[in-house]
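Subject: Structure for you, with notes

Hi there,

Here is the structure I promised to pass on. My notes follow below it, and I hope they save you some time.

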Amino acid sequence: MAAAAVDDGETTARFEAEVRSWLAWCRALPKVELHAHLNGSARSSTLVELASGLGEKGLINFPEVQAILLKGDRSLAECFKLFDLIHLLTTDHNIITRITKEVIEDFAAENVIYLELRTTPKCNASVGMTKRSYVEAVLAGLKAVEAVQVISGSQENHKKVLGTTLSRPIIYVQLLLSIDRRESTEAAIDTVQLALDMRNCGVVGIDLSGNPWVGDWNTFVPALKLAREKGLRITLHCGEVPNPTEVQNMLLFQPERIGHACCLEESEWTSLLHSSIPVEVCLTSNMRTETVPVLQDHHFASLYKSKHPIVICTDDPGIFATDITREYALAAVCFGLKKANLQFLAQNAVRHIFADDKVQAELQKIFDAAAINPHEFTHRP
Ligand SMILES: CNc1ncnc2c1ncn2[C@@H]1O[C@H](COP(=O)(O)O)[C@@H](O)[C@H]1O
Ligand SMILES: [Zn+2]
């Protein structure tokens, strides 16, 4: 990755070596992931395998698709073209179930103990897919996880799982349903209704995402208001590109969290700092899409200095070839954070999850137990 304000190979190599030196410690640190898109987190190897299958059927030009899937740097506009391509590969219910299972296992392997996974429910008549059956396929993915014990759904489910003898490490997984900025008001309301219907299955909130150059804030307000009225939590992709009116409206709406906040003008920045709305920070994503020019100048530094609530997240680890461990390591190297600072950030993220107080308390216990030996983090329930 183009690491930072670096222009020669030697500096990049030194930077990468420093990041590498943090990886083992950051991996062992228990972590909370609050901003990860399902299809953006799918393994490249799985996507290439799926593309190869379509290639064999003569439905796509496999070498061309493979090259696009494995391309390193991509602009924000290219990302959204890539998502359309990924969605062509992941249309089937079984595939959605498979990628969900793999994504959860990948996060668990990075010692994520609480994952809020977001995804856009999709209809596809050709395979009998409705928004509801799409989410059901995601839920089947939660059940299919083998490597770790997934805790999700209602409090009763939690109690049932926690009441048994656990032979595997645990990961809490909750879902956010995303509204795509291409959608109409009606389609956005459908997604909110679905989220309400599926609350007992682990849906805890609504996200607004998609190509930030597309769509108008007012289109989504009725759906977001409905979600709020009914008690769903809301996170918005905010200020990923310059759009002062929208950013102001989003901050006035007072979502429970926002993602990115890259392109805020001074007055919006002041409003954000006054608001205390937690920011989901996605360092690699912002660098790759060039919404932030240089990692060292990322607004993380300023938010951190202002003691504004921030949560380190990945966004799309699959397409940006990163993981949550690396994002913590990047924060350490770029902003001179110490182990105690990273530990504080990881634990403090628990305060900003959308699950209820009981889950927060359970997670705090895990962090407290881990903190007893901060150099090794041997505890993993
Ligand atoms: C890079 N920054 C970003 N900005 C805005 N929206 C993004 C995004 N990254 C991902 N998405 C949103 O998530 C979808 C893919 O996951 P799901 O199909 O929902 O699981 C994308 O189509 C886009 O709508
Ligand atoms: Zn995102």
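First, a word on terms: helices (H or I, at least four residues) and strands (E, at least two) are DSSP runs, numbered from the N terminus. The expected span of a helix is 1.5 Å times one less than its number of residues. Please keep in mind that this is a predicted model, where local features need pLDDT of at least 70 and side-chain atom pairs count only at pLDDT 80 or more, while totals for chains, interfaces and linings use all residues. Residues are numbered from 1 along each chain as its sequence is written, chains are lettered from A and ligands numbered from 1 in the order in which they are written, and side-chain values use heavy atoms, with hydrogens and water left out.

**The zinc site**

Let me start with the metal. Donors here are N, O and S atoms within 2.8 Å of the metal (3.2 Å for Na, K and Ca); water is not among the atoms, so sites may look incomplete. Around the zinc ion (ligand 2), the protein donors are H35 (NE2), H37 (NE2), H237 (NE2) and D315 (OD), which lie 2.1 Å from the ion. Their spacing along the chain reads H-x1-H-x199-H-x77-D. Distant parts of the chain are linked in this way: H37 sits in strand β1 and H237 in strand β6 (residues 233–238), 200 residues apart.

What is the arrangement of the four donor atoms around the zinc ion (ligand 2)? It is irregular, because the angles they subtend run from 82 to 166°. For reference, four donors count as tetrahedral if all angles lie between 85 and 135 degrees; four count as square planar and six as octahedral if opposite donors are over 155 degrees apart and all others between 65 and 115; anything else is irregular.

Next, accessibility: buried means under 20% relative accessible area, exposed over 50%, and partly exposed in between (1.4 Å probe, protein chains only). H35 is buried at 0%, H237 at 8% and H37 at 14%.

H35, in strand β1, also makes polar contacts (a pair of N or O atoms within 3.5 Å; within protein, one must be able to donate a hydrogen and the other to accept it, and residues adjacent in sequence count only if both atoms are side-chain atoms). Its side chain meets that of H237 at 3.1 Å and that of D315 at 2.8 Å. Beyond its neighbours within four places in sequence, H35 is in contact (heavy atoms within 4.5 Å) with residues including E116, R118, H260, E280 and C282.

**Three helices**

Helix α17 (residues 357–371) has 15 residues and reaches 21 Å between its first and last C-alpha, close to the 21 Å expected. Buried in α17 are V359, Q360, E362, L363, I366, F367 and A370. Seen down the helix axis, these buried residues fall within an arc of 165°, so they line one face of α17; the arc is that of the directions from the helix axis to the C-beta atoms. On the other side of α17, D357, K358 and K365 are exposed. The cover over the buried residues includes β1 (31–37), β2 (112–119), α8 (155–162), β4 (170–180) and α16 (339–348). At the N-terminal end of α17, D356 acts as a cap, with a side-chain oxygen 3.1 Å from the backbone nitrogen of K358.

Helix α5 (residues 76–89) has 14 residues and reaches 20 Å, close to the 20 Å expected. Its buried residues, among them L76, F80, F83 and L89, pack against α2 (38–41), α3 (44–56), α4 (62–70) and α6.

For the 17 residues of α6 (residues 93–109), the end C-alpha atoms are 24 Å apart, which agrees with the expected 24 Å. Buried residues of α6 include I95, I99, E102, E105 and F107. N111, which follows α6, has a positive phi near 70°.

**Backbone points to check**

Most residues other than glycine have a negative phi. H260, in strand β7 (residues 257–260), has a positive phi of about 80° although it is not a glycine, and is buried at 0% relative accessibility. K307 also has a positive phi, near 60°; K307 lies in the loop between α14 (300–305) and β9 (310–312) and is exposed at 74%.

Best wishes
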